[in-house]
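User: Hi! I'm new to looking at protein structures and I'd like to learn how to read side-chain contacts. Could you walk me through some?

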Amino acid sequence: MSDFLKENLFWNRKPENAIVHTQKVEIFTEPETDLWQRTYYQFQNDSAPVLQTTTDSSFFSFIAKTEFESKRRFDQCGIVLYLDSENWLKASVEYENEEYQRLGSVVTNHGYSDWATTDISASIRTMWYRLSRRESDYCIEYSTDGKKFKQMRICHLTEGNKKISFGIYACSPEDSSFRATFTDLQITACQWKA
């Protein structure tokens with residue numbers, strides 16, 4: 001097990017207001033930032049800040065705890081594997097309204113995104129994620145307590161079979177800003193068993 005925050009981290013689109021502590025990261029989102037490519041809406045948004053590291057390890061898991069004060073539609077924060085603008089995946093809770101949010105994931109292959117979601121209570125303000133890699137296949141899981149993880153999806157990244165970059169992100173696609181806090185950031189042996 002290793003501490004993600006002790007890896008060689010780098011920003012894609014560093015936000016104006018972010019603090020990387022020894023035990024946590026805080027990102028204050030900027031309005032009209034997002035990650036999405038083409039599908040259905042036809043727009044291409046590649047403006048969300050991403051803090052990540054690289055690895056050529058074909059088998060590992062990455063765990064992150066998120067705490068969020070989202071308040072406007074589509075406010076989101078979570079984990080991301082970002083190769084380039086047209087090849088990436090993310091998992092997050094996206095705020096919808098005062099009643100519910102969407103726990104979901106997006107996989108983007110060759111410039112087309114998909115979005116798989118389930119509705120959860122708007123009262124939830126903490127979520128853990130676990131991203132596991134088995135070569136170019138990936139498993140995304142979530143947990144409300146950091147102990148029992150449930151599968152969100154299994155997917156394939158067409159370009160995700162070599163060296164990859166992964167980490168955390170937060171964004172506000174509409175005219176909004178909120179604080180996203182990331183803790184318990186760990187890289188472990190692959191928890192997705194064959």
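Analyst: Sure. Let's begin with a term: a residue is called buried when its relative accessible area is under 20%, exposed when that is over 50%, and partly exposed in between. Keep in mind that this is a predicted model.

User: Okay, is F60 buried or exposed?

Analyst: F60 has a relative accessible area of 4%, so F60 is buried. F166 comes out at 1%, so F166 is buried too.

User: How do I describe a pair of aromatic rings?

Analyst: You give two things: the distance of the centres and the angle of the planes. In this structure the count comes to four aromatic pairs. Take F60 and F166: their ring centres are 4.9 Å apart and their planes stand at 35 degrees, so this pair is tilted. The label follows because planes under 30 degrees apart count as stacked and those over 60 as edge-to-face, with the rest called tilted.

User: Where in the chain do F60 and F166 lie?

Analyst: F60 is in strand β8 (residues 59-68), while F166 is in strand β16 (residues 164-171). They are 106 residues apart in sequence, so the pair ties those parts together.

User: Which residues make up the aromatic cluster?

Analyst: One cluster is formed by F4, F60, F62 and F166.

User: Which ring does the charged end of R13 sit over?

Analyst: That would be the ring of Y82, with the charged end of R13 at 5.0 Å from the ring centre. There's also R38, which lies over the face of Y112, 5.5 Å from the centre of the ring.

User: And what about salt bridges? How many are there?

Analyst: The general idea is that side chains of opposite charge can pair when their charged atoms come close. Searching the whole structure turns up 11 salt bridges. R38 shows up again here, since its side chain meets that of E86 in a salt bridge (3.1 Å, N to O). E86 sits in the loop between β9 (76-84) and β10 (87-95), and R38 in the loop between β5 (35-37) and β6 (44-46), so the pair ties together parts 48 residues apart in sequence. As for its surroundings, E86 has a relative accessible area of 27%, so E86 is partly exposed.

User: Which salt bridges does R102 take part in?

Analyst: R102 meets E96 at 3.0 Å, N to O, and R102 also meets D119 at 3.4 Å, N to O. The partners D119 and R102 belong to distant parts of the chain: D119 is in strand β12 (residues 112-121) and R102 in strand β11 (residues 100-109), 17 residues apart.

User: Are those three residues buried or partly exposed?

Analyst: Go one by one. E96 is buried, at 17% relative accessible area. R102 is partly exposed, at 21%, and D119 is partly exposed as well, at 45%.

User: How many disulfides does the structure hold?

Analyst: A disulfide is a covalent bond between the sulfur atoms of two cysteines. This structure holds zero of them.

User: Why does C155 not form one with C139?

Analyst: C139 has the closest cysteine sulfur to that of C155, but the distance is 8.4 Å, which is too far for a bond. The cut-off to compare with is 2.5 Å. Likewise, the sulfur of C171 has its closest cysteine sulfur in C77, 9.0 Å away, so that is too far as well. Both C155, at 9% relative accessible area, and C171, at 0%, are buried.

Conventions. Residues numbered from 1 in each chain as written. Predicted model: local features only at pLDDT ≥ 70, side-chain atom pairs only at ≥ 80, totals over all residues. Heavy atoms only, no water. Phe/Tyr/Trp six-rings, centres within 6.5 Å; stacked < 30°, edge-to-face > 60°. Helix = DSSP H or I, 4+ residues; strand = E, 2+ residues; numbered from the N terminus. Buried < 20%, exposed > 50% of the residue type's maximum accessible area, 1.4 Å probe, protein only. Lys NZ or Arg CZ within 6 Å of the ring centre and 35° of its normal. Salt bridge = Lys/Arg side-chain N within 4 Å of Asp/Glu carboxyl O.
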